[in-house]
Amino acid sequence: MSAGVWARRAHHLPGNDTNVTSDLEACNAAGLTVHLVKRDHRRAHELEEHFRLLHDSHAKLEAELSRGVSAAQRAEAAAINGGKSSA
């Protein structure tokens with residue numbers, strides 16, 4: 001007998017449909033689990049990268065803000081000192 005005939009006969013054995021269905025469901029569940037775990041790892045890495053970029057941007061913003069405040073304080077001091085010397 002050919003493989004196709006054996007496959008058809010095996011498929012029609014009593015109880016075999018349940019076994020095949022259970023095996024397929026188990027494979028689907030395992031595959032879905034692997035997919036979800038991989039997706040979770042990928043999303044966790046993406047989230048870590050987003051937080052790293054956010055922290056880098058925040059640090060740059062703080063540095064620029066500090067420089068701006070220092071420049072404003074120097075300009076204010078120069079304006080006060082300049083005003084006193086011309087009076």
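## Exercises on helix α2 and its surface

Arg52 and Glu49 both sit in helix α2, 3 residues apart, or about one turn of the helix. Helices here are DSSP runs of H or I with at least four residues, strands are E runs with at least two, and numbering starts at the N terminus. The model is predicted: local features need pLDDT of at least 70, side-chain atom pairs pLDDT 80 or more, while totals for chains, interfaces and linings use all residues. Residues are numbered from 1 along each chain as its sequence is written, and side-chain values use heavy atoms, without hydrogens or water.

**Exercise 1.** Describe the protein chain as a whole: how many helices and strands does it have, and what share of its residues is buried?

*Solution.* Start with secondary structure: the protein chain has 2 helices and 0 strands. One of the helices is α2, covering residues 16–86. Next comes burial, where buried means under 20% relative accessible area, exposed over 50% and partly exposed in between (1.4 Å probe, protein chains only). Of the 87 residues in the protein chain, 1% are buried. Finally, take the surface, using Shrake-Rupley areas with a 1.4 Å probe and, for residues, only the protein chains shown as cover. The accessible surface of the protein chain is about 7600 Å², and carbon and sulfur atoms account for 62% of that area.

**Exercise 2.** Work out how Arg52 and Glu49 interact, and find which residues share a network of salt bridges with them.

*Solution.* Side chains of opposite charge can pair when their charged atoms come close. The cut-off for a salt bridge is a side-chain nitrogen of Lys or Arg within 4 Å of a carboxyl oxygen of Asp or Glu. Arg52 and Glu49 meet this with an N to O distance of 2.7 Å. Now add Asp56, which is linked with Glu49 and Arg52 in a network of salt bridges. As for exposure, Arg52 is partly exposed at 40%, and Glu49 is partly exposed at 34%.

**Exercise 3.** Count the salt bridges in the whole structure, then examine the pairs Arg42 with Glu46 and Glu64 with Arg67.

*Solution.* The search over the whole structure gives 4 salt bridges. In the first pair on our list, Arg42 and Glu46 meet at 3.5 Å, N to O. These two residues of helix α2 are 4 residues apart, about one turn. Arg42 is partly exposed at 44%, and Glu46 is partly exposed at 39%.

Turning to Glu64 and Arg67, their closest N and O atoms are 2.4 Å apart. Glu64 and Arg67 are separated by about one helical turn because they are 3 residues apart in helix α2. Glu64 is partly exposed at 47%, whereas Arg67 is exposed at 51%.

**Exercise 4.** Identify which residues join Leu54 in a nonpolar surface patch, and decide whether Leu54 is buried or exposed.

*Solution.* Patch members have over 30% relative accessible area and no salt bridge; like charges are joined within 9 Å, nonpolar side chains (Val, Leu, Ile, Met, Phe, Trp, Tyr) within 5 Å. Leu47 and Phe51 join Leu54, and together the three have about 300 Å² of accessible area. Leu54 lies in helix α2 and is exposed, at 52%.
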